[in-house]
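This report describes selected strands and one helix for a reader new to the structure. The sequence and model come next.

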Amino acid sequence: MKRGLLGKIKTFFAPRSLRFQLLSRSLFILAALLLLIGSLQYILMKDFLYRSQSETMISQLRSIPKNLLNTNTRSPEWRDEAASNSDLPSPDKGNRGPIFFLTGTSLAYISEDGTFTDLTEEYGVPSPRLSGAQYTEVIENTRYKDHSNYQVVQDTAGNEQLIVIIKTGGPENRHELIQMGTLTAPIREIALRQLRTFLILSLLALAGGLMLYLPVLRRSLNPLNQMIKTVEAINAGNLNHRFPDTQRQLEIDRLANSFNGMLERLELSFDAEREAKEQMRRFIADASHELRTPLTSIHGFLEVLLRGAVDRPEQLYAALNSMHGESKRMKKLVEDLLMLAKLDRAPELQLTETRLDLLITEMEPSLQILAGERNLQLNISPCSPGMYDSDKIKQVILNLFHNAVQHTDPIDGAITLTLSSHQDRTKLTIKDNGQGISKEHLPHVFERFYRSDSSRTRKHGGAGLGLSITHSIVEAHGGSISVYSEVGEGTTFQVVLPILK
């Protein structure tokens, strides 16, 4: 039980498994998207925090009294007050720092002549100093009035600071600058904390998605499992299985329809192959039988001759006549077999423009001789010419006519040959008043070596190949042949051939 469960798990998570590939690729894409979203969130969050902090710092700078920033800017009244108040920094003692400071904040003053005064260096947070060109740019450029402008630089201690710079001074003097900075580490820590929170939530979402996705994926791939089971149950002898094509999955349904079509074609091919093998088996058996019979007769007559029939002219003559007849029959059989082999392989027809009415008129004397005392009626209508092999068409007519002669009474028999045109086709009909063919034999009359009455056919020397040859010749000309018969009323063969347009 455990081995079976482990086997299923290994199969499910095998690297070549479709389930594993779909699952891993989906999770990889989802993880990549979440990572991208987290990175963008971190960047946007950090920028938002930087902008918020810069606006706060600018507001703080604008709230600082200008006379507290530098001794050179303080008024004479402030100096007198400072001299009398020991709590205030004395200008005579060189105290140029402000009377306040914020933890982690730097403050600097840049005078009109470019003098840089770090007002918080003594309090542990040195102010980063920009180049003179950068300060000049700030003075000449009004874009720094926008609260969203800030810079991130490093101070002399190697700490990264976020700084803002604004202009100060009176209306007549706007060339003095105040610079405030704050350490970026706390701000980045806030952004990183948000990023960690997002990553944890993303991992939880991936785990939850994995738990929900597995049963959905298993259900989605269930039609493929059913198809696999069906394929395993199919073999050359059992092609009647079909895939369900109503799984409500477009791709699976299209695949099922394609497989069903392939199975139908394979089933037809295997049926045709089995039928061909069965026909070949019957063909070989019948051909062997047909060839064995005359050979047996010839062998028997030769033994009679060897026993002394040579000295008795009457027996010699009878034996030679019988041997001659059997050899002719065997020769005819071999010729018919060769003819069928050629027609099966690639019919070679000598096509010429031929009118069937003239062709039958030319054959009328031969047909009269074959009919003997039977009543022969020819109904020949003028018809358009077609591209035919004259010799092969004559063979078709003779085979059908000879078949009618064989199955009608020599005295009371009646044979009617009719030729007529119908649009782009010519129809040839040969009808007799013989005993007819029963319904169970009609579907097989054009099969090789098939005889509905074997004793009668043997009596007339037929091997059951004439109608097969006729059928092959007609189809080689692009036509069709059919048979209609009622027992006791006779048989009608109808040949339809194309004509020139």
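How many residues lie between β11 and β12 in their hairpin? Three residues lie between β11 and β12, and G488 in the turn has a positive phi of about 85°. The model is predicted: local features need pLDDT of at least 70, side-chain atom pairs count only at pLDDT 80 or more, and totals for chains, interfaces and linings use all residues. Residues are numbered from 1 along each chain as its sequence is written, and side-chain values use heavy atoms, with hydrogens and water left out.

Helices (H or I, at least four residues) and strands (E, at least two) are DSSP runs numbered from the N terminus. Two strands pair if DSSP finds at least two bridges between them.

| Antiparallel strands | Bridges |
|---|---|
| β11 (residues 480-486) and β12 (residues 490-498) | seven |
| β1 (residues 105-110) and β2 (116-118) | three |

V483 of β11 stands opposite F493 in β12. On one face of β11, I481, V483 and S485 are buried (under 20% relative accessible area, 1.4 Å probe, protein chains only). S480, S482, Y484 and E486 point to the other face and are not buried.

An open sheet of five strands has the order β2-β1-β5-β4-β3, paired antiparallel. β2 and β3 (151-154) are at the edges with a single partner strand each, so one side of each has no neighbour in the sheet. I110 has F116 in β2 as its bridge partner.

Helix α5 (residues 185-220) has buried residues including I187, L195 and L217.

Technical notes:
Buried < 20%, exposed > 50% of the residue type's maximum accessible area, 1.4 Å probe, protein only. Expected span 1.5 Å × (residues − 1).
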